[in-house]
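Q: Could you take me through one part of this model in close detail? I would like to follow how its pieces pair and pack against each other.

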Amino acid sequence: MAGENCTVFTDFILLGLSGRQDVQQGLFVLFLLVYGITVIANLGMILLINLDPRLHTPMYYFLSNLSFCDVCYSSTVSPRMLADFLSEQKRIPYHLCAFQMFLFGAFADVECVMLSVMAYDRYVAICNPLLYTVVMSKRLCTQLVAIVYVQGLVYSAIFTYCTIRLSFCNSNIINHFFCDFPPLLALSSSDTTINEIVMFTYSSCVLGFSVVTVLLSYSYIINTILRMNSAEGRRKAFSTCASHLTAVAIFYGTLVFMYFRPSSSYSMDTDKMASVFYTVVIPMLNPLIYSLRNKDVKGALKKAVGTKLCS
């Protein structure tokens, strides 16, 4: 990070969401509640899936991994943000900033690709129901999840390495509430052209692959559903996919808005609001979307609560 005539910064200062102390106290209470719901809802989903034998299927195996990812995803940002709401100096050491950036990038990528894997799972279940248990074997499901996590870690490691090699000579003040790639690229005094090309290319490949997988899967799914003779069958199939489509639309839509623009067009205030949505709100919404619109999950929850009350 050091260079000729370059001030060496050992930490960064995060401006956060607001500079007003009264507003920060209100935000602390709000985001503490949201983070609490996120952790309880996602861990509850994982526990419910593990405890109920009816949910031991590929669909819920992927959903439990999505919930795990949401907890980790949110936990890379929320605890630090909550602590900063109560502190005057929102300093974060350089190495912790890099570590936060790495973890956030990894889990964001994992969530993106995991949603496309879940779309493929729904395609096999609806379009090839007789072959579902054969195609989506336990071994294949484990391999798919492993591939998702490995590529996410590699993706984030590359981006983090490229970012920490930049020089930050002019300022160490990040106009954001956590360490993310775009704000650091905007802050850097180095030429970030290569970084932007790498980030745009890799992100385009990952998001492009995920979106194409989702679109192809659901084009076949919709075609199959429309050819069903049973109205009840069509309703059940659409109901199964509705939760996933909602989660996909919210997550991918926010990612496209956030990352597929040149750094010169960034408005940090707007981006901070969008970042709050996909780092804090979406991890809370996912388990609620899947539980409120899913009969199997609601049934398992009622059974678990009933068993607990009876005991």
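A: Happy to! Leu-14 of β1 stands opposite Ile-174 in β3, and Ile-13 stands opposite Ile-173 in that strand. Please keep in mind that this is a predicted model. The pairing of β1 (residues 11–14) with β3 (residues 173–174) runs in the parallel sense over 2 bridges. Ile-13 also has a partner in β2, where it stands opposite Arg-91. There the sense is antiparallel, with 3 bridges joining β1 to β2 (residues 91–93).

Put together, these pairings give an open sheet of 3 strands with the order β2-β1-β3, and its pairing is mixed. β2 and β3 are the edge strands, each of them pairing on one side only.

Now for the two faces of β1. In a regular strand, side chains alternate between the two faces of the sheet. In β1, Asp-11 and Ile-13 are on one side, while Phe-12 and Leu-14 are on the other. These four residues are all buried, so both faces of β1 are covered, with buried here meaning under 20% relative accessible area.

Next comes the helix over this sheet. α4 lies across β1, β2 and β3, and it runs at about 85° to β2. This helix spans residues 94–127, and it also packs against two other helices.

One of these partners is α8 (residues 193–226): the two helices pack at an angle of about 20°, with their axes 9 Å apart. Angles under 35 degrees count as roughly parallel, and α4 and α8 are therefore roughly parallel to each other. The crossing of α4 past α8 is left-handed. On the α4 side, the residues making this contact include Asp-109, Cys-112, Val-113, Tyr-120 and Arg-122. From α8, the contact residues include Val-206, Phe-209, Thr-213, Tyr-218 and Ile-225. By type, the residues of the α4 contact with α8 divide into 16 nonpolar, 5 polar and 2 charged.

The other partner is α6 (residues 138–164), which packs with α4 at an angle of about 145°, the axes being 8 Å apart. This crossing is right-handed. In the contact of α4 with α6, the residues divide into 19 nonpolar, 6 polar and 1 charged.

To pull the picture together: β1 pairs with β2 in the antiparallel sense and with β3 in the parallel sense, α4 lies across these three strands, and α4 packs with both α8 and α6.

Methods: Residues numbered from 1 in each chain as written. Predicted model: local features only at pLDDT ≥ 70, side-chain atom pairs only at ≥ 80, totals over all residues. Heavy atoms only, no water. Axes fitted to C-alpha atoms, helices over the stretch in contact; angles between N-to-C directions. Parallel < 35°, antiparallel > 145°, perpendicular 65-115°, else oblique. Left-handed = near helix turned anticlockwise from the far one by under 90°. Contact = heavy atoms within 4.5 Å. Nonpolar A, V, L, I, M, F, W, Y, C, P; charged D, E, K, R; others polar. Buried < 20%, exposed > 50% of the residue type's maximum accessible area, 1.4 Å probe, protein only. Pairing = 2+ DSSP bridges.
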